[in-house]
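Student: I should like to examine how the descriptive terms for this structure are justified. May we take them in turn?

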Amino acid sequence: MCAKAIIGIKIRHGGLQYRGSSASTLAGVNMTIPAKQWTVLLGRSGSGKTTLLRYLAGLLDDQVEWQGEIEVSGNDVSAENIVLHDHIAYMAQQDLLLPWLNVLDNVCLSSRFANVAPNKEQDKQRALSLLEQVGLADNAYMTPAQLSGGMRQRVALARTLMQDKPLVLMDEPFSALDAVTRHKLQTLSVSLLKDKTVVLITHDPQEAVRLADQLYVLQGAPAQAQQLDVPESSPPRKLDAECAALQQAILDQLEKDYE
Ligand SMILES: Nc1ncnc2c1ncn2[C@@H]1O[C@H](COP(=O)(O)OP(=O)(O)OP(=O)(O)O)[C@@H](O)[C@H]1O
């Protein structure tokens, strides 16, 4: 698949049960993850958000039973030829930077594991350019321990971009940051990931409202996906009255799982 590939996903009647578990985690999940848009997942702790992401990433194949259809559409490959997890970059709440490598080497690391032979000088120049885009050009030779939490997550974002995958799965990547740093990193991510299909897990209704093109709440046990309409304006949104109403609607929806 070429670097400009795009990927969209449709899940129909998705159900998932961990082997050895007596109950299903997901049942009857219908979800559309359109290409080059942000799909945001909310849901109470334990509802199955990370499970769904990890299943899409191919990390649970030997641990779960899956039922239902996953239809993948790409612009330059037929659906049956797509091995989804080959086209995924993953960004988690923990930045997972290796403490013994400097910032630049952390960003370059993914290319060392790629199928193609690495071109160290080319990779270095690309990583430096990405570090410039995330505002860390002057920090390339520092170690992760010398950076703040927000800076470390910007390194993680540069590393995600370095992988240049069409589908980016983000599991609460901004949750450990203070409000202003989080706001800035959300805005930066929307701009830098504009050509990617993004699935974002968050517990923060405000973050969901700012960033979602599609918004789902995983709800019930086993969980289904409830879709909520988002404003027509493009993310990242300024928080106006319409956004406030949606935030309230999300909270109302989430509260149903605590009754
Ligand atoms: N390896 C596993 N084996 C069996 N059950 C598991 C396993 N991993 C997770 N689960 C269960 O699956 C359910 C969903 O967990 P998951 O981590 O996907 O929830 P989540 O919505 O991402 O939660 P959080 O918001 O706290 O991260 C939970 O009940 C959890 O205990």
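Student: What makes helix α1 mostly covered?

Tutor: This is a predicted model, in which local features need pLDDT of at least 70 and side-chain atom pairs count only at pLDDT 80 or more, while totals for chains, interfaces and linings use all residues. Residues are numbered from 1 along each chain as its sequence is written. A residue is buried if 20 or more other C-beta atoms, placed from the backbone, lie within 10 Å of its own. Six of the eight residues of α1 (residues 49-56) are buried, namely K49, T51, L52, L53, Y55 and L56. Helices are DSSP runs of H or I with at least four residues, numbered from the N terminus.

Student: Which residue follows α1, and what is the sign of its phi?

Tutor: G58 follows α1, and its phi is positive, near 75°.

Student: How do you know that α4 and α5 are roughly parallel?

Tutor: α4 and α5 (residues 179-192) pack at an angle of about 10°, with their axes 11 Å apart. Angles under 35 degrees count as roughly parallel, and α4 and α5 are therefore described in that way. Their contact (C-beta atoms within 7 Å) is made by G150, Q153, R154, L157 and L161 of α4 and T181, L185, S189 and L192 of α5.

Student: Which residues touch the most other members of the largest nonpolar core?

Tutor: A nonpolar core is a set of buried Ala, Val, Leu, Ile, Met, Phe, Trp, Tyr and Cys residues joined through C-beta atoms within 7 Å. Of its 57 residues, V40, V107, L131 and A158 touch the most other members. Helix α4 (residues 149-163) supplies the largest share, six residues.

Methods: Buried ≥ 20, exposed ≤ 12 C-beta atoms within 10 Å, placed from the backbone. Helix = DSSP H or I, 4+ residues; strand = E, 2+ residues; numbered from the N terminus. Axes fitted to C-alpha atoms, helices over the stretch in contact; angles between N-to-C directions. Parallel < 35°, antiparallel > 145°, perpendicular 65-115°, else oblique. Contact = placed C-beta atoms within 7 Å.
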